[in-house]
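Colleague: Please take a close look at the strand pairing in this model and at the turns that go with it. I would like the pairings, the facing residues and the backbone angles in one connected account.

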Amino acid sequence: MMKEVFKIEGLSLFYKDLQAIKNIDLDIYKNQITALIGPSGCGKSTFIRCLNRMNDLIPEARMEGCIRFDGEECQVTGYDVIGLRKKVGMVFQKPNPFPMSIFDNVAYGPRQQGVRNKEVLKEIVEKALKQAALYEEVVDRLNDSALTLSGGQQQRLCIARALAMEPEVILMDEPTSALDPIATQKIETLLEELKKEYTIIIVTHSMQQAARISDYTAFFYMGELIEYDKTNVIFSVPKNKQTEDYVTGRFG
Amino acid sequence: MARKTYSLSKIDSITSKAMMAFGIISASFIVLISFFITIRGIRPFITDNSGLGSVNLWRFLTDTVWLRGPTFISTAYGAGFLVIQTLYLAFLSLVISFPIGVLTALFIAKIAPKPVASIMRGIVELMASIPSIVYGLVGVGFFLPIIYNLARALGQQSPGGNGTLGIVVVLALMSLPTITAISEVSIRSVDKSLEQASLALGASPTQTRFKITLLAAKSGIFSGAILAIGRALGEATAVSLVAGNARSGPNFGLFSINSTLTSTMLEGLKETVGIDYDIRFSVGVLLMIVILITNFVLNFIKRKVGNVNV
Amino acid sequence: MSKRKIRQYLLDSLTYISTAISVLALSVIFFFVLREGGSLLSIDLLSGNYHAQGFVGTLINESDETFELGDIIGDKLFTVERYGIVLEQTQDLAGDSVIKVYYVDQASPLRNLNNTDPSANEKIIGLREGMVLRRVSYQEHPTSLTSRGAEAMANDLNDDSREIREVIFSLEGGGIRGSVITTLYLIGLTLMFALPFGILTAIYFNEFAPMNKITKLMRNFIETLTGVPSIIYGLLGITVFVPLTVRLTPASNTNLIAGALTLSVILLPVIIRTTEEALKVVPNDHRFASLALGANRTQTTFKVVLKQALPGILTATFLGIGRVIGESAALIFVLGTAVKDQVRIFEPSTSLAVHIWSMMTDEPANIALSSTIALIILLIVLILNILIKATVFIFSKKGSA
């Protein structure tokens with residue numbers, strides 16, 4: 001039996017009066033890649049932002065239900081949100097490196113946690129960059145601005161930035177949608193490697209991508225979780241008609 | 001653009017030409033200003049100033065005394081120290097107004113609840129629209145006595161509080177709304193996903209604001225500072241009321257009397273003619289050159305800093 | 001961890017402190033101006049003359065009767081039974097200490113005096129209520145001065161051994177009517193020059209100008225005007241507009257028209273920018289709709305587009321008024337610093353802001369009256385800011401409806 005990292009029960013999220021997520025039950029398994037698919041506006045991005053409580057930043061958003069992270073209820077007030085975000089890293093849709101050097105980008109997270117020792121930081125940065133398969137490409141120019149990197153490199157830098165925090169889970173919100181096919185392929189290969197150490201939850205627009213890389217796939221539609229199963233099940237013998245229509249491209 | 005697709009009728013082409021005249025005249029004022037003031041400004045150097053002899057340009061640019069001898073017999077003018085003092089005072093005022101302005105902007109854009117933020121914006125706009133003469137008046141009536149007492153408490157000489165500190169305070173107050181307003185806009189337009197990325201890395205909102213938001217907004221913040229410096233260099237009446245009008249220099253002491261290019265242009269203007277009047281145009285030309293060079297240099301630095309990591 | 005928390009609180013509190021300083025700065029300005037100048041603010045100040053018209057008179061006949069003045073109540077009032085007048089120790093509009101005439105008996109010999117000015121039309125002048133008694137000089141006795149106070153002057157006048165040689169008195173001065181009128185003239189004239197010019201320029205750039213390098217250069221030139229300090233505009237005025245007006249008008253020196261022309265150049269970039277911003281947001285659909293109905297571009301621009309740019313033009317007007325009211329450095333050169341009571345547009349005078357500068361550079365500086373004028377300026381600026389907000393609010397509501 002695989003270990004659950006996240007156990008989500010009856011999760012709903014409201015923006016003012018609008019219910020963006022409707023009563024979702026879902027378990028995320030350790031060291032697996034879980035893909036969230038569904039048409040735009042179906043609530044998948046909103047959903048992963050519940051997992052590191054980024055929705056806290058929206059004043060009108062209200063959450064109901066229960067999320068357990070490593071067995072502990074993490075949606076309650078008083079839970080150490082910053083601690084949660086350290087353990088649950090996030091990579092965004094568009095590469096968004098900070099306007100500072102490559103090194104400083106990766107070192108940013110540890111520095112905010114009070115790591116000052118140069119040698120330690122150097123080690124962390126090197127390890128993270130290696131894990132993100134970026135080290136070879138940037139080793140001579142760690143002090144160059146991160147904005148000089150190509151789009152694909154920038155996104156891998158953002159992954160390295162998240163890895164530097166040594167998280168347990170990495171949330172990825174359509175990480176390849178702004179990248180060209182070659183850069184996308186590099187990132188997909190990277191994810192295969194990363195799953196040995198990390199749990200990855202990836203929101204993607206591309207069904208092929210979900211089919212290629214993920215172990216589990218969840219299909220969202222209109223804020224509801226329609227179907228959740230092993231990826232090969234979802235793509236070959238889905239139980240739900242809507243899922244079948246979506247994965248075969250016959251959708252609305 | 002839409003205008004490309006229009007076709008021009010006859011009446012339209014007449015209108016267009018007529019309107020162009022307005023455009024050309026409006027655009028020509030900067031040329032007029034430069035031309036006429038330069039013509040007047042070089043006069044003291046190339047004419048014999050009705051028998052007094054011409055002003056020595058080199059001494060004018062390097063001398064440390066404004067005027068040697070009485071106005072009606074001397075052409076020995078120096079403005080070099082005025083340039084140094086003007087720059088010194090403008091940058092010193094920025095040392096005060098820049099941090100306060102940027103942090104106020106950060107508060108308005110990122111921390112304050114909506115109603116508070118909109119009140120603060122109103123306050124900043126109001127401060128920006130208060131005329132400089134009022135700042136000068138408040139400087140004289142409110143700040144000079146305080147500076148005077150402060151100087152006495154520190155055992156320093158201070159002629160009624162006039163001088164460096166008074167100018168710096170007045171200039172800082174005046175440039176505060178400029179810096180705040182421009183910084184606020186650029187802080188507000190920082191890409192939200194950058195801040196979210198920082199938060200997602202476990203940084204606190206405070207850390208994010210100071211490390212990421214300010215960093216990402218630095219170009220706009222720098223522009224605000226450049227604008228503020230330009231204003232401070234050219235400010236005249238408010239400065240002239242609190243300067244104490246030092247006739248020699250350069251003066252750097254906080255409590256010593258001081259002077260700027262503009263305050264010297266205004267000093268004694270009411271009762272002067274001839275060379276002493278014309279030389280003020282030369283100071284005006286010098287002022288424009290100083291502002292131009294400062295702007296150029298700061299913009300150059302801004303471009304450099306924009307590309308290099310901090 | 002706790003160390004980090006403290007650091008964060010410190011950083012956060014820095015922003016609070018900075019904001020507090022900004023608020024404090026504005027409060028200090030208002031507080032100071034209200035405290036120093038609030039008490040002088042009055043309708044009389046706004047409508048009164050600045051320069052007091054003075055008179056010097058001599059007694060026509062010395063009378064021996066004394067007057068019954070009854071009980072005058074007030075510790076600032078002093079009776080002169082010998083001449084039948086009551087003096088008051090008070091302040092004039094400008095806040096200077098003066099001796100005012102509180103009461104003059106119908107039969108007082110001071111009511112009718114010989115005018116010592118032979119060129120004056122009125123041969124007989126007289127002391128009236130509300131006038132300011134400046135000095136009284138006597139034969140073989142020291143003169144009574146304002147600076148010694150009303151009580152001393154009353155005592156001197158009551159002294160039977162003294163024989164009046166001259167009475168020097170004046171109408172009350174210290175009002176700012178002249179500067180108010182100059183400012184109003186400046187606002188009117190400047191807007192009259194700058195608004196049409198600026199609006200037409202903005203229309204040219206937004207509706208007609210070709211997109212080429214020359215247009216870009218012209219725009220840059222206009223944009224550069226914003227960075228030019230106002231004292232430089234003063235130099236422009238004195239080299240261009242003053243000689244121009246001297247040649248073309250009856251003016252012989254610095255004058256109001258030249259001031260308004262100078263201010264127009266200062267306002268130009270503001271008006272152009274604000275109007276252009278308003279023109280830019282007019283949807284192209286509206287232009288196309290008008291053109292599709294057979295209107296030409298001229299008609300389209302002036303009938304359809306310009307109408308929608310009205311809020312921008314209104315905002316530009318308010319901004320312009322604010323700038324005219326506050327401008328001092330340029331006007332010191334172009335308009336002069338002499339405070340006038342009779343304002344003529346071809347002569348020098350002072351605006352409210354220059355009036356402040358003029359008084360502050362005098363010895364001694366008159367902070368009280370300066371603050372009152374500053375208070376007036378601040379109130380106008382406040383109203384203008386509210387008007388600008390209201391304009392944006394009203395028109396943005398209309399737009400969305």
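Modeller: What follows starts with a sheet in one chain, goes on to its turns, and then takes up strands and a helix in another chain.

The model is a predicted one. In chain A, 4 strands make up an open sheet, in the order β2-β1-β4-β5, with antiparallel pairing. Its edges are β2 (18-29) and β5 (72-73) of chain A, each of which pairs on one side only. Within this sheet, strand β1 (residues 4-15) of chain A is joined to strand β4 (residues 61-69) of chain A by 8 bridges, in the antiparallel sense. One facing pair there is A:Ser12 with A:Glu64, the latter in β4(A). Strands of a sheet pair through backbone hydrogen bonds, either parallel or antiparallel. In a regular strand the side chains alternate between the two faces of the sheet.

The loop between β4 and β5 of chain A holds A:Asp70. This residue is not a glycine, yet its phi is positive, near 50°. A:Asp70 counts as partly exposed because 15 other C-beta atoms lie within 10 Å, where 20 or more would make a residue buried and 12 or fewer would make it exposed.

A:Met222 also has a positive phi near 50° in a residue other than glycine. Its place is the loop of chain A between β9 (216-221) and β10 (224-230). With 14 other C-beta atoms within 10 Å, A:Met222 is therefore partly exposed.

Chain C has a further set of antiparallel pairings, centred here on strand β7 (residues 132-138) of chain C. Strand β9 (residues 164-170) of chain C runs antiparallel to β7(C), and 6 bridges join the two. Across this pairing, C:Leu133 faces C:Phe169 of β9(C). Strand β7(C) is also joined to strand β8 (residues 141-145) of chain C, by 3 bridges and again antiparallel. Here C:Val136 has C:Ser144 of β8(C) opposite. The two strands β7(C) and β8(C) form a hairpin with 2 residues between them, and C:Glu140 in that turn has a positive phi of about 55°.

Last comes a helix of chain C. Helix α12 (residues 352-360) of chain C is mostly covered, with 9 of its 9 residues buried. Among them are C:Leu352, C:His355, C:Trp357 and C:Met360. An α-helix has 3.6 residues a turn, so residues three or four places apart point the same way.

Technical notes
Residues are numbered from 1 along each chain as its sequence is written. Chains are lettered from A and ligands numbered from 1 in the order in which they are written. This is a predicted model: local features need pLDDT of at least 70, side-chain atom pairs count only at pLDDT 80 or more; totals for chains, interfaces and linings use all residues. Two strands pair if DSSP finds at least two bridges between them.
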